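Here is a friendly walk through two parts of this structure: a small group of strands and a pocket. Have the model open beside you as you read.

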Amino acid sequence: MKNLNIPVGISDFERIRELDYYYVDKTGLIKTLLRGEMDQVTLITRPRRFGKTMAMSMLNSFLDIRKDSRELFEGLEISKETAICERWMNQYPTLFLSFKDVDGSIFENAFNFLKYIVAEVCKQHMYLLDSDDVDKEDKLVYEKLKSGDASLIEIQSCILRITNMLEGYYKKPVILLIDEYDVPIAKASSNGYYKEMLEIMKGMLSTALKDNSSLKFAVITGCLKIAKESIFTGTNNLVSDTISSTRYNEYYGFTQQDVDKLLADAGMEEKADLIKEWYDGYNFGEFEVYCPWDVMNYLRDLQNNIQARPVSYWKNTSDNAIIRSFIDYTGAAIRKKLETLIAGGSIRQKIEEDLTYDYLHSSEDNLWSILYLTGYLTKAGECDAEGLVELRIPNKEIKEIFESTVRKWFEDSTRVMNRKALFDAVWNKDTDKLTKEISTLLRMTISYYDYREDFYHAFLAGIFAGAGYSVESNREHGEGRSDIVIYNDVTGQVAVFEAKYSRKLDDLERDCQKALDQIDTKMYAKEFEDTYDEVLCYGISFYKKRCLVRCK
């Protein structure tokens with residue numbers, strides 16, 4: 001094993017190159033972007049953690065006229081393209097803004113954060129204030145932008161104003177790079193000030209991109225392609241590149257070739273299958289790619305502990321609220337599709353790539369589209385004649401995110417339900433009522449683990465958790481581990497549950513008896529006999545969304 005300098009959490013291209021971090025060469029993006037006829041405005045959308053910010057930082061380093069980037073790109077793929085380097089490297093004024101951190105629980109906080117980002121960008125170009133080639137009125141507004149005192153209208157027009165000032169100074173058109181353009185709108189949609197933030201972002205982008213004579217070209221990145229009429233009003237020169245396209249897809253995420261080289265350089269080729277199972281499986285156009293964030297995090301952990309197991313690093317970068325909101329919306333049809341996906345199957349759905357954040361949850365098609373466009377689902381086949389796309393969960397990591405979100409949703413759902421009848425049945429040994437109550441809950445949940453015992457165990461734990469009773473799961477008793485134990489200290493009762501999974505409906509009765517026999521044979525109840533007045537022993541067998549409960 002070789003110790004590589006893994007750049008986890010670093011998206012600054014210059015820092016990675018200057019400090020000799022390991023870099024997976026994606027400079028081919030520059031060649032593809034600049035080759036031939038340039039698009040005036042290019043919108044590139046990819047899920048989070050697939051290298052959007054890193055790519056924009058790389059473009060900024062390559063293009064910005066204030067820099068000398070020859071050493072940074074030495075030995076990389078783009079350095080072989082001498083004609084492109086001579087024509088473009090550090091030849092144009094470049095304005096680079098990232099909105100990835102614009103957030104706030106209320107509009108005023110988010111707006112102040114946006115003003116702060118604009119102010120920081122202005123500080124990078126202070127030289128404009130000393131130039132006689134820059135309009136005096138523009139300088140006055142620029143001072144306000146720099147100090148964070150700009151008005152709403154001045155913020156809306158700030159990108160247009162700064163590009164005009166840069167062109168006046170350099171006597172060259174300006175390249176505009178905007179990273180994560182949709183984050184402020186997404187956060188606004190979640191926090192209840194969507195219309196206010198949309199008005200600002202629409203003003204900033206439309207004025208900057210529509211008929212801006214100072215613009216050479218613009219590249220914009222985000223997670224979703226917001227409908228043009230919603231935010232890019234009047235921008236008729238916009239070309240979109242999404243995960244369904246093929247033009248830039250090999251430059252976002254790691255290809256198999258990238259991962260093979262990375263593992264060879266690290267001396268960890270034996271981890272290839274494990275990494276593929278957990279972090280591969282995304283289909284972007286004609287390319288199957290890995291999530292780079294996960295691969296790099298796991299390699300770093302392996303360097304510290306060669307026995308480290310894969311975990312869901314992607315999950316920890318977001319609250320995954322999008323899945324939760326999807327499940328909250330769910331009806332019987334959506335629930336069945338989710339179960340199919342979690343069991344490893346695929347579904348066919350219409351995908352809408354032009355969305356608006358205020359209508360994300362307005363239809364089932366929109367919900368599936370969001371899960372696809374944000375990386376929770378991927379293509380399993382091509383679009384059919386009816387315009388339907390076959391979708392699946394890409395890998396083990398995302399499957400785990402679905403399962404944990406479903407478990408949490410079910411626990412929260414049951415917590416707010418009135419479960420008095422269910423618990424009365426437990427303490428009164430009413431097995432018919434218990435069978436009916438648990439079956440009702442089974443029908444409303446979303447299954448995972450394809451109905452294995454793991455699923456039913458988690459299901460039972462979810463039912464009994466958070467109801468005011470002390471609940472233990474898989475605790476060692478007697479000569480083994482019972483599935484669930486519930487304590488009722490008020491009545492002096494304890495209930496021991498052992499669950500079995502039946503392979504056929506006709507096996508429910510037999511397996512229920514097996515569960516009771518196991519409680520007996522392994523003496524799960526023995527330790528409670530001296531402490532509690534009554535020990536209730538329940539066998540429960542499950543077949544899909546049916547169950548049978550019996551009491552000893």
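## A sheet and its helix

In this predicted model, let's begin with a single pairing: Thr378 has Arg392 of strand S12 as its bridge partner. Strand S12 covers residues 388-392 and runs antiparallel to S11, with two bridges joining them.

Now step back to the sheet these strands belong to. It is open and has three strands in the order S9-S12-S11, paired in antiparallel fashion. Strand S9 (347-350) and strand S11 (378-379) form the edges, each pairing on one side only. Helix H18, residues 364-373, packs on this sheet and touches S9, S11 and S12. The direction of H18 makes about 110 degrees with that of S9.

## The second largest pocket

Let's turn to the second largest pocket, which holds about 570 Å³ of space. Its lining is made up of 23 residues, and those nearest the centre are Asp12, Asn60, Phe96, Ser98 and Gln124. Three elements give two or more residues each to this lining: helix H3 (52-63), strand S2 (94-98) and helix H6 (107-123).

Which element supplies the largest share of the lining of this pocket? That is S2, with five residues.

## Character of the lining

What kinds of residues does the lining of the second largest pocket divide into? Nine are polar, eight are charged and six are nonpolar. Among the residues nearest the pocket centre you can pick out Asp12 and Phe96.

Conventions. Residues are numbered from 1 along each chain as its sequence is written. This is a predicted model: local features need pLDDT of at least 70, side-chain atom pairs count only at pLDDT 80 or more; totals for chains, interfaces and linings use all residues. Side-chain values use heavy atoms; hydrogens and water are left out. Two strands pair if DSSP finds at least two bridges between them. Helices (H or I, at least four residues) and strands (E, at least two) are DSSP runs, numbered from the N terminus. Contact means heavy atoms within 4.5 Å. Axes are lines fitted to C-alpha atoms, for helices over the stretch in contact, and angles run from 0 to 180 degrees between N-to-C directions. On a 1 Å grid over the protein atoms alone, a cavity is a set of points where a 1.4 Å probe fits but cannot get out, and a pocket is an open set with protein on both sides within 12 Å along at least five of seven lines; lining residues have an atom within 4 Å of a point. Grid points are joined across faces, edges and corners, and a volume is the space filled by probe spheres set on the points. Ala, Val, Leu, Ile, Met, Phe, Trp, Tyr, Cys and Pro count as nonpolar, Asp, Glu, Lys and Arg as charged, and the others, Gly among them, as polar.
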